[in-house]
Amino acid sequence: WCISRQRAWGLPLPIFYDKETGSPLVNEETVEYVAQIVEKKGSEIWWAEADTNQLLPPQYRSEPCKYRRGWDTIDVWFDSGTSWSSVLEPLHKSDPSSVPSDPSSLDPYLCDAYIEGSDQHRGWFQSSLLTSVGATGRAPYKSIITHGFVVDEKGEKMSKSIGNVVAPKEIIEGSPKMGAARGIDVMRLWAAATDFTTDVSIGPQVISSTAEFMHRIRNTSRFMMSNLFDFQQQPLAFEDLPPLERYMLSLLDQLQVAVTNAY
């Protein structure tokens with residue numbers, strides 16, 4: 001895996017080259033020295049510092065400087081794929097509540113899930129897996145969650161050039177393309193009713209159907225409430241309820257626990 005890229009932007013590779021022979025200079029001392037500078041001044045210092053000597057440990061300096069710095073950047077997939085090494089351990093250190101009660105069970109580089117689009121099976125999911133297995137011998141995540149993409153009613157991906165992009169504001173406040181204003185509740189219901197594991201379609205007909213479905217829910221709820229206007233509540237002990245009602249309440253309690261734990 002060649003991790004160097006010849007781009008005008010990105011995170012620089014801290015490698016120096018002998019001006020006469022072209023031999024690279026990169027070792028633990030030089031990398032650690034540059035890392036300390038970057039920690040204080042940011043990665044832009046690699047490009048901004050006029051004197052290469054200032055980026056070298058004292059024992060490698062000379063007048064004039066015999067080294068030039070390299071201009072290659074790190075491959076973005078290697079860059080993002082190693083994020084597990086710089087995110088999860090500092091997170092545990094800054095948030096004591098995230099550390100398990102049994103310290104021996106703590107794996108500082110293991111997260112519960114990586115969440116991204118289906119195109120990341122060959123991108124971030126893969127680069128994270130490769131770098132973690134190479135460095136630690138196992139994956140950086142317990143599982144991955146793959147979601148689809150928002151497409152139009154014809155299944156075409158959203159594109160500004162095509163003009164099929166739908167902004168949430170167009171649904172909430174209405175627009176010539178999306179029709180009448182539907183409000184935030186229709187937007188929320190559409191999101192809640194979709195299966196995020198596959199591509200999700202959106203458009204005037206989809207939103208119209210969602211609005212109709214919401215009206216049915218509201219009308220049904222209104223009808224049920226109207227039939228309870230003279231209901232006098234008579235609390236009963238759980239053990240006095242019929243078996244079926246106790247069973248349904250038990251299922252409801254399990255659902256409440258599951259939802260609370262999930263969110």
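**Exercise 1. Is serine 86 buried, exposed or partly exposed, and how far is serine 86 from methionine 214?**

Step 1: Serine 86 has a relative accessible area of 48%. Step 2: Compare that with the cut-offs: buried is under 20% relative accessible area, exposed is over 50%, and partly exposed is in between (1.4 Å probe, protein chains only). So serine 86 is partly exposed. Step 3: Serine 86 is found in helix 4 (residues 84-94); helices (H or I, at least four residues) and strands (E, at least two) are DSSP runs, numbered from the N terminus. Step 4: From C-alpha to C-alpha, serine 86 and methionine 214 are 45 Å apart in space, and 128 residues apart in sequence.

A word on the model before you go on. It is predicted, so local features need pLDDT of at least 70 and side-chain atom pairs count only at pLDDT 80 or more, while totals for chains, interfaces and linings use all residues. Residues are numbered from 1 along each chain as its sequence is written, and side-chain values use heavy atoms, with hydrogens and water left out.

**Exercise 2. Do the same for serine 132: buried or exposed, and what does serine 132 touch?**

Step 1: Find serine 132 in helix 5. Step 2: The relative accessibility is 0%, so serine 132 counts as buried. Step 3: List the contacts (heavy atoms within 4.5 Å). Not counting residues up to four places away in sequence, serine 132 touches Trp84, Gly137, Arg138, Ala139 and Pro140.

**Exercise 3. Work out how strand 6 and strand 7 are joined.**

Step 1: Two strands pair if DSSP finds at least two bridges between them. Here six bridges join strand 6 (residues 111-117) to strand 7 (residues 141-147), and the two run parallel. Step 2: Look across the pair: glutamate 116 stands opposite threonine 146, and glycine 117 stands opposite histidine 147. Step 3: Follow the chain from strand 6 through helix 5 (residues 124-136) to strand 7; this β-α-β crossover is right-handed. That label applies if, with the strands pointing away from the viewer, the path from the first strand over the helix to the second runs clockwise.

**Exercise 4. Which strands stand at the edges of the open three-stranded sheet?**

Step 1: Write down the order, 3-2-4, with antiparallel pairing. Step 2: Strand 3 (24-25) and strand 4 (67-69) each have a single partner strand, so they stand at the edges, and one side of each is left without a neighbour in the sheet. Step 3: Check one pair: two bridges join strand 2 (residues 16-18) to strand 3, with tyrosine 17 opposite proline 24.

**Exercise 5. Which elements give two or more residues to the largest nonpolar core?**

Step 1: A nonpolar core is a set of buried Ala, Val, Leu, Ile, Met, Phe, Trp, Tyr and Cys residues joined through side-chain atoms within 4.5 Å. Step 2: The largest one has twelve residues, including Ile171, Trp190 and Met214. Step 3: Helix 7 (183-193) and helix 8 (204-226) are the elements you want, and helix 7 gives the largest share, four residues. Step 4: Don't stop there: a second, separate core has eleven residues, among them Phe16, Val34, Tyr60 and Tyr67.

**Exercise 6. Find the cis peptide bond that ends at proline 64.**

Step 1: Most peptide bonds are trans. Step 2: The bond from glutamate 63 to proline 64 is cis, with omega near -5 degrees. Step 3: Proline 64 is found in the loop between helix 2 (45-48) and strand 4.
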